[in-house]
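Hi everyone, thanks for making time today. I'd like to walk you through the charged side-chain pairs in this protein, so let's bring it up on the screen.

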Amino acid sequence: MNTPESPAAPHVERLNSPAFGQLGLPFSEIVRMGDTLYLSGQMGTLPGTLTLAPGGLQAEAQQTLENIQATLEAHGYSLDHIVKCTVMLADMKDWPAFNEIYKRFFSAPYPARSAFGASGLAMGGQLEIEVIASVRR
């Protein structure tokens, strides 16, 4: 078994932009392990705040995807690096409306994706998205 100090253990980096650091949240913005990025779940919060974008699901979905894009770009990556999205919706009836927003940010061939309904999301949000990206050093 590899321990964190073991030379055989993969190198893990925790990437946090200054804007994210100022929010004081108890998790990393991105964790990089080798050539894989794991982004913490993103919500439709207005940049630099914990305030959800007003306007319901469509506004939150747009803002969430803009936040993912900005997070990746702040560390030198792009949406093209995403290989998997996990989408949590407060109401699965919003799945078709979410897809319309999603297609503004991604085109074929799309990343792999899962979506499921959640009985409650942080801050009363309508959706949360986490992504995995593949990058090269």
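**Salt bridges and their exposure**

Let's begin with Asp91, which is partly exposed because its relative accessibility is 30%. Please keep in mind that this is a predicted model. Asp91 has a partner, Lys93, and the two form a salt bridge in which the closest N and O atoms are 3.9 Å apart. Lys93 itself counts as exposed, at 70% relative accessibility.

A quick word of background for anyone new to this: side chains of opposite charge can pair when their charged atoms come close.

So how many salt bridges are there by this rule? The count comes to 3.

Moving on to another pair, the side chains of Asp35 and Arg32 meet in a salt bridge, with an N to O distance of 3.9 Å. Is Arg32 buried or exposed? Arg32 counts as buried, because its relative accessibility is 4%, and the cut-off for buried is under 20%. Asp35, on the other side of the pair, counts as partly exposed at 36% relative accessibility.

That leaves Lys103 and Glu100, whose side chains meet in a salt bridge at 3.3 Å, N to O. Here Lys103 is partly exposed, with a relative accessible area of 43%. Glu100 is partly exposed too, and its relative accessible area is 46%.

To recap, we have Lys93 with Asp91, Asp35 with Arg32, and Lys103 with Glu100. Thanks for listening, and I'm happy to take questions!

Key: Residues are numbered from 1 along each chain as its sequence is written. This is a predicted model: local features need pLDDT of at least 70, side-chain atom pairs count only at pLDDT 80 or more; totals for chains, interfaces and linings use all residues. Side-chain values use heavy atoms; hydrogens and water are left out. A salt bridge is a side-chain nitrogen of Lys or Arg within 4 Å of a carboxyl oxygen of Asp or Glu. Buried means under 20% relative accessible area, exposed over 50%, partly exposed in between (1.4 Å probe, protein chains only).
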